[in-house]
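Here are a few friendly notes to go with the structure, set out as numbered points. Please have it open as you read.

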Amino acid sequence: MADHDDVAFTPAGDFLRRAHASLPARSMPVRGSPAPALRRLFTSTTPIPGESLRGLVARSCAANYLPNSWGMLQYLGLNHRNRVLVSEDPQLVLADIAHAIGTDDEEILSRRYAPLRPRHVSFFGLDIHQGQIETRVRRFSPNFLSDHSFHHAIWELRDLPFCPFGWDILQDRCFCEGTNGIVQGWTRTLVPVDCCDQCGDPLSGLVPIPVPEDQQEMLALVLTLVGTSEGERAQGLPLPEALAHTHRSRVFDVVRRLTTALSETSEFDRTDPDACLARCAAMHAACRAVVEWPSGISSLCPADHVVTSAWGRLLGAYLALGSPDSATIAHANAKLAKRRSRRSNGRTIELLGLRPAGEIAGLKDDTLELLWKGGAFTRHRRRHGDRLLPAIEREELLSFALRWHDRVGIDTLAYRTGISHHGIEQLIVLDRLVANGPTVPGLPLTVTSSEASDFIARVEAAQMVGRKIVDPVRLRDAVGTIGGRLKPWGPIMAALLDGEIDFVAATEGRTLTERILIAAKDVKRLGDFTFDRSAFPDFRFESRMVKAEAMEVLNVRAGGERLLKGLQIRGKNPQTLAVSDVECRASDIISLPEIAAMMGLDCASAHHRLRRAGWPAVMPGAWSRATTAPYVDLIAEWGRPGRKSRIGATHFEQFFVKRTTGQTKESDRSQGAVLKKS
């Protein structure tokens with residue numbers, strides 16, 4: 001058989017193996033830091049004019065054999081794997097995305113939907129509401145994809161039912177499965193963006209739904225308004241001379257509102273071809289009204305769902321298209337003027353409400369309010385009608401935002417190090433880690449990214465130099481021999497930092513504890529470490545833990561959730577359990593993986609020995625800790641292959657039951673001694 005080093009790896013496996021080790025160091029973005037710390041993907045991707053940023057990222061992932069976009073974006077600052085908000089998320093660092101893909105920063109910047117004002121973003125220079133951007137579903141034009149292999153940004157406009165290039169209705173699903181088909185999304189990237197992410201067939205093979213030819217001439221005005229470049233906008237129908245100097249954002253807003261007012265319903269089913277064609281007809285009438293401004297609207301009648309006051313406001317906006325932009329935004333300027341400046345200690349400060357402050361800082365309104373109440377900001381107030389509302393200084397907000405987005409949560413640090421949430425808390429109270437990051441009052445502590453990196457660097461710097469570990473064992477596996485209680489991660493890591501336990505840090509392994517190797521002779525020493533939470537009454541330890549940590553306490557992995565049966569579980573994502581309940585369950589039972597670790601065997605061999613020894617389980621995969629843990633070595637010996645009789649095991653069990661109930665006699669002790677000697 002060929003040696004392992006001679007095995008040919010697949011491109012995907014080769015990429016993940018080589019790139020994975022370097023990317024986790026940037027699981028949270030650091031504002032203002034350079035991007036070269038990240039490894040560039042092996043295959044660079046050249047952006048195509050008009051391509052959306054979501055499409056560019058998906059195309060880059062597919063070119064590098066990444067099965068999903070989360071494989072790259074989780075290391076660039078994206079927080080949610082099922083929402084590919086690369087064009088909107090303020091925590092994503094442009095330089096990091098550009099460096100990973102292998103393109104210029106400007107290519108990424110031009111495709112970002114930067115905030116302009118509260119809840120409004122710039123779509124290639126077009127001022128639109130953020131709700132008009134489709135971020136979940138990957139819509140496409142079969143006609144366009146027959147000649148091109150990229151996702152056009154215009155398809156992300158929710159108000160647009162058709163493609164102004166392929167002149168067909170935009171679709172969002174492949175009918176490879178079921179009658180409803182498979183909706184195309186952004187998370188799966190194993191196939192190119194012009195193919196179905198379920199079956200892999202080209203989406204250009206779907207039957208296109210053409211836009212009526214008699215509507216195409218007027219609908220070409222849409223391309224003039226929403227085109228992603230001057231070249232694209234020049235291909236559309238020109239605006240009338242009277243509106244030549246009107247900003248296209250105002251014109252598109254009127255077209256969009258007119259389309260809604262002329263449609264039978266305010267919302268339309270984007271999956272229904274008939275509804276999309278009806279929407280095209282309404283948009284055709286709206287475009288004609290703009291081309292024939294100012295008399296084009298006189299012959300139009302609003303639908304029944306439009307109230308008189310709304311139609312009057314729309315008429316006013318339509319007629320105002322010919323006035324200068326400066327006059328039409330006077331109302332917006334008046335609103336900005338309400339953000340009054342105050343003088344404090346001789347300096348002028350600008351106060352912001354919670355909503356605009358949240359847009360700037362990339363924080364939710366309720367989070368900012370909690371921080372404001374908790375003293376993170378100077379507690380200013382501003383008058384809004386008869387009410388006094390919280391206000392924040394702009395300079396103070398910007399300074400805080402840099403620190404906020406530079407923080408690393410305890411759960412994130414736990415994921416990077418392999419140390420549990422409660423283990424990180426132990427390190428904090430033992431002064432081995434400083435919780436110096438900003439946090440919302442009442443929520444878990446955080447650390448700065450530099451403190452997190454320094455801690456990992458301090459641990460790696462404490463390893464032995466010039467010597468090898470004899471019979472090495474991963475620290476993650478060694479801690480699996482500790483049961484019946486929470487893992488004493490704090491004292492263990494302190495012993496490593498102080499040089500009490502020799503170790504080396506390998507280069508392979510996702511987490512720090514998977515890279516740390518200790519000698520097999522030191523594994524039993526780990527069980528001597530303890531941590532008493534009651535010794536730190538001033539620290540508020542987390543009273544609940546997620547399922548993954550509960551299974552770590554019980555020394556089981558995926559599939560071991562059955563050992564949590566009967567415990568009260570709260571929440572859905574994540575599901576949590578009371579720490580006290582998990583500790584009680586851990587003190588009652590000992591799991592098969594823990595027994596196997598104590599025996600030095602794999603789980604299958606350990607289970608065979610327990611069965612040969614006739615040792616009863618209290619539930620599938622678990623035994624009584626009180627009646628099993630003290631005699632694991634004897635069970636391993638008595639249950640080893642080759643034993644021809646199980647009578648001794650029965651006597652041993654009877655002897656042990658009597659011992660635990662206080663009924664042991666002198667003859668029983670003699671029998672136990674004989675068993676131990678055998």
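1. Let's start with Thr628 and its surroundings in this predicted model. Leaving aside residues up to four places away in sequence, Thr628 touches Ile590, Ile595, Trp615, Trp623 and Ile635. Thr628 itself belongs to helix H29, which covers residues 625–628.

2. Is Thr628 buried or exposed? Its relative accessibility is 1%, so Thr628 counts as buried. There is also a polar partner to look at: the side chain of Thr628 reaches the backbone oxygen of Ser624 at 2.7 Å.

3. Next, have a look at a pair of helices. How do H15 and H16 pack? Helix H15 spans residues 354–361 and helix H16 residues 365–373; their axes lie 9 Å apart, at an angle of about 105°. Angles of 65 to 115 degrees count as roughly perpendicular, and H15 and H16 are therefore roughly perpendicular to each other.

4. Which residues make that contact? From H15 come Leu354, Arg355, Ala357 and Gly358, while H16 supplies Asp365, Leu368 and Glu369. Sorted by class, the contact of H15 with H16 has three nonpolar residues, three charged ones and one polar one.

5. Finally, a word on cysteines. A disulfide is a covalent bond between the sulfur atoms of two cysteines. How many disulfides does the structure hold? The count is zero. Two cysteines are worth pointing out for their surroundings: Cys287 has 0% relative accessibility and so counts as buried, whereas Cys301 is exposed, with a relative accessible area of 60%.

Conventions:
Residues are numbered from 1 along each chain as its sequence is written. This is a predicted model: local features need pLDDT of at least 70, side-chain atom pairs count only at pLDDT 80 or more; totals for chains, interfaces and linings use all residues. Side-chain values use heavy atoms; hydrogens and water are left out. Axes are lines fitted to C-alpha atoms, for helices over the stretch in contact, and angles run from 0 to 180 degrees between N-to-C directions. Helices (H or I, at least four residues) and strands (E, at least two) are DSSP runs, numbered from the N terminus. Angles under 35 degrees count as roughly parallel, over 145 as roughly antiparallel, 65 to 115 as roughly perpendicular and the rest as oblique. Contact means heavy atoms within 4.5 Å. Ala, Val, Leu, Ile, Met, Phe, Trp, Tyr, Cys and Pro count as nonpolar, Asp, Glu, Lys and Arg as charged, and the others, Gly among them, as polar. Buried means under 20% relative accessible area, exposed over 50%, partly exposed in between (1.4 Å probe, protein chains only). A polar contact is a pair of N or O atoms within 3.5 Å; within protein, one must be able to donate a hydrogen and the other to accept it, and residues adjacent in sequence count only if both atoms are side-chain atoms. A disulfide is a pair of cysteine sulfur atoms within 2.5 Å.
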